[in-house]
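Reader: I work at the bench and want a close look at one part of this structure. Please walk me through the packing, and keep it brisk.

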Amino acid sequence: MSTPARREARRLLDAFLAAGAEEVEAAVLQPADLLLDLYGEDIRARAFVVHDPSRGDAMLRPDFTVPVVRMHMEAGRDPARYAYAGAVFRQQDEDDPDRPAEYLQAGFEIFGGSDPEEAEAEVFATLSAALADLPLRAATGDIGLLLAAVEGLSASPARKAALRRHLWRPRRFRALLDRYAGRTAPPPARERLLALADPFEGAGPEIGLRSRAEVEARLDALRAEAAEPPLTAAEVALIDALLAIAAPAPAALETVRALAAGAPSLAPAAERLARRLAALERRGIAPEALRFEGSFGRTTLEYYDGFVFGLFAERRPDLPPVASGGRYDALTRVLGQGRAVPAVGGAVRAGLAARLRFGGGR
Amino acid sequence: MTLRLGLPSKGRLMEDAFAWFAARGIPLSRDGGERTYAARAGWEGLEPVLLSAGEIPRDLASGRLHLGVTGSDLVRERVAGWERRLEALAPMGFGAADVVIAVPDFWVDVRTLDDLDAACAAFRQAHGRRLRIATKYHRLVRDFLRAHGVADYLLVDSQGATEGTVKAEAAEAVADITSTGETLRANGLRVLDDGVIHRSEATLFRSRTAGWGRAERAALDRLLERVGGQTIPAAGG
């Protein structure tokens with residue numbers, strides 16, 4: 001790994017320590033079973049999993065966030081802020097020098113506290129300031145807005161849960177929305193199945209851990225689903241309008257507020273967005289310069305559930321983000337056995353930042 | 001100058017590959033009987049190398065072989081971005097089998113990938129862990145399920161007797177290769193309606209990364225005239 005990348009990682013780490021963070025480390029070898037479950041499909045497919053005959057499968061850490069959350073939740077301290085710098089490992093399909101399988105990440109994470117928008121603004125401003133000399137373009141989004149919109153639908157809890165689960169898979173989310181809105185018909189085989197007096201007639205033996213009771217529960221769910229009235233066109237239009245937002249942050253906020261006027265469930269999320277922009281402005285980040293995209297962050301990490309952001313090299317859309325991060329309260333709940341704390345953070349690709357600063361070709 | 005041709009070293013696949021070349025006027029024979037892994041070709045400029053079918057994709061990708069006969073499933077599974085490194089020259093008409101996703105037949109509620117995804121979600125909720133799919137085709141299955149938006153599953157490795165893993169409670173579903181589906185049915189499993197991941201067949205592949213000088217190209221052109229595959233463009237490699 002090049003020396004400029006190491007120096008950059010050190011420089012970033014120092015900047016995060018100067019913001020009051022405590023330096024933490026994470027083992028390169030992480031327990032695979034526990035962690036693989038927490039990452040989205042993308043990282044799961046890319047993790048290097050190695051076998052240890054005595055301890056079972058281990059994984060080379062694909063990021064620091066999950067190990068740091070785990071450490072924080074076990075220590076049970078609040079509030080806390082952490083910084084780290086070290087290599088992360090992700091398999092790459094192509095031998096692309098811009099996407100190495102091992103690269104240095106430096107990150108900053110804030111846990112706890114009583115002002116979540118202030119913490120979000122601080123993480124964003126700290127990372128931006130540390131990279132202020134690079135020509136970067138910021139993109140932001142808010143998964144919390146989409147979650148609030150789904151929560152506000154007139155749909156059953158089952159439908160809402162299915163939509164929430166597929167927020168990060170746009171194709172399936174769209175397919176579900178179309179089906180719930182009555183725009184696509186259910187598969188004919190399903191209608192035949194639900195009409196059968198004994199759906200199990202002629203079926204094979206009961207094998208495996210998924211029990212007959214679970215199959216019956218799903219059949220009940222399918223019957224309830226078939227009887228449920230469709231979403232209204234206005235409800236679908238609201239979600240479409242949120243996903244279509246792509247504007248400077250102040251204009252995006254106006255759009256969100258206008259949508260919230262007709263959809264009260266959005267109001268708290270709209271106010272969070274307003275408070276975040278105000279907090280950013282107090283830290284010297286002009287909201288006009290911040291782009292807000294309604295669908296930003298939907299195809300990246302599954303654990304983000306609120307504010308999301310990325311800093312991208314200007315004029316180099318082919319490169320991965322130089323920095324990215326967001327809020328991940330839900331992850332703390334999973335790792336805290338039910339106890340959750342507000343958590344937000346971000347990480348920089350140190351090698352990429354160094355190369356943008358010093359050149360060095362591809 | 002010789003073209004190194006990787007051939008499956010045993011079983012039906014080897015016999016069919018030898019027969020395929022023989023039928024096209026290229027006799028191949030084993031050197032010294034059943035137990036050796038050396039072979040020779042009655043065709044100038046061709047050096048057959050007997051290898052496990054599973055290793056041929058890797059040796060083609062690295063350029064150690066110019067040509068190789070193996071299953072198209074194995075190439076897709078073992079070589080990331082295979083089309084950049086390999087070229088399929090000729091499907092050979094044998095070794096046909098499908099890589100499929102199959103679930104217990106008594107899961108009457110699960111006929112499609114859409115159903116499987118819903119079952120995965122409910123299973124995770126009920127059992128506190130992901131529904132396991134046993135397979136040796138990790139890349140193929142993961143890419144396929146990701147493309148179709150199926151989530152909350154876990155691939156568990158199974159290098160043999162995969163159909164038995166559900167009954168053994170080592171997995172809840174399987175992704176395996178099958179030619180008739182007979183073994184799956186015998187084990188109480190059923191292929192999903194949209195569960196065919198890849199239709200595999202023995203195929204003659206060319207390595208794009210091997211050394212392709214003028215002599216190698218000429219030898220390949222002569223060979224392709226015999227076997228009726230497509231010829232490679234003059235430039236590039």
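Author: What follows starts with one helix pair and then moves outward to the strands, the chain contact and the sheet of the other chain. Keep in mind that this is a predicted model.

Start with two helices of chain A. Helix 6 of chain A covers residues 143–151, and helix 13 of chain A covers residues 267–282. They pack at an angle of about 165°. Their axes lie 9 Å apart. Angles over 145 degrees count as roughly antiparallel, so helix 6 of chain A is roughly antiparallel to helix 13 of chain A. The crossing of the two is left-handed.

Which residues make the contact of helix 6 of chain A with helix 13 of chain A? Helix 6 of chain A brings A:Gly144, A:Leu145 and A:Ala148. Helix 13 of chain A answers with A:Pro268, A:Ala269 and A:Arg272. By class, that contact holds four nonpolar residues, one polar and one charged.

Now the strands of chain A. Strand 7 of chain A spans residues 136–142. It runs antiparallel to strand 10 of chain A, residues 307–313, and seven bridges join the two. A:Gly141 stands opposite A:Val308 of strand 10. Strand 7 of chain A also runs parallel to strand 9 of chain A, residues 291–293. Here two bridges make the link. A:Ala139 has A:Arg291 of strand 9 as its bridge partner.

One backbone detail in chain A deserves a look. The peptide bond from A:Asp78 to A:Pro79 is cis, with omega near -15°. A:Pro79 sits in the loop between helix 4 (65–75) and strand 5 (80–89) of chain A.

Step back to the domains. The assignment for chain A gives domain 1 as 1–116 + 342–362 and domain 2 as 156–232. The C-alpha centres of these two domains lie 38 Å apart.

Next, the contact between the chains. Chain A puts in 29 residues and chain B puts in 26. On the side of chain A, helix 3 (41–46), helix 8 (170–180), helix 9 (188–195) and helix 10 (212–227) each supply at least two residues. Helix 10 of chain A gives the most, with six. The chain A side divides into 13 nonpolar, three polar and 13 charged residues.

Cross over to chain B. Five of its strands form an open sheet, in the order 4-1-5-12-6, with mixed pairing. Strand 4 (46–51) and strand 6 (86–91) of chain B are the edge strands, and each pairs on one side only. Neighbouring strands of this sheet are turned by 30° against each other on average, direction ignored.

Look inside that sheet. Strand 1 (residues 3–8) and strand 5 (residues 67–71) of chain B pair in the parallel sense over two bridges. B:Leu5 has B:Leu67 of strand 5 as its bridge partner.

Helices pack on these strands. Helix 1 of chain B, residues 11–23, lies across strand 1, strand 5 and strand 12 (202–207) of chain B. It runs at about 135° to strand 1 of chain B. Helix 8 of chain B, residues 214–227, also packs on the sheet. It touches strand 1, strand 4, strand 6 and strand 12 of chain B. Its direction makes about 45° with that of strand 1 of chain B.

Finish on one residue of chain B. B:Asp152 has phi near 60°, a positive value in a residue other than glycine. B:Asp152 is found in the loop between helix 6 (138–147) and strand 9 (153–157) of chain B.

Definitions and conventions: Residues are numbered from 1 along each chain as its sequence is written. Chains are lettered from A and ligands numbered from 1 in the order in which they are written. This is a predicted model: local features need pLDDT of at least 70, side-chain atom pairs count only at pLDDT 80 or more; totals for chains, interfaces and linings use all residues. Domain bounds come from an automatic or database domain assignment. Axes are lines fitted to C-alpha atoms, for helices over the stretch in contact, and angles run from 0 to 180 degrees between N-to-C directions. Helices (H or I, at least four residues) and strands (E, at least two) are DSSP runs, numbered from the N terminus. Angles under 35 degrees count as roughly parallel, over 145 as roughly antiparallel, 65 to 115 as roughly perpendicular and the rest as oblique. A crossing is left-handed if the near helix is turned anticlockwise from the far one by less than a right angle, and right-handed if clockwise. Two residues are in contact if their C-beta atoms, placed from the backbone, lie within 7 Å. Ala, Val, Leu, Ile, Met, Phe, Trp, Tyr, Cys and Pro count as nonpolar, Asp, Glu, Lys and Arg as charged, and the others, Gly among them, as polar. Two strands pair if DSSP finds at least two bridges between them.
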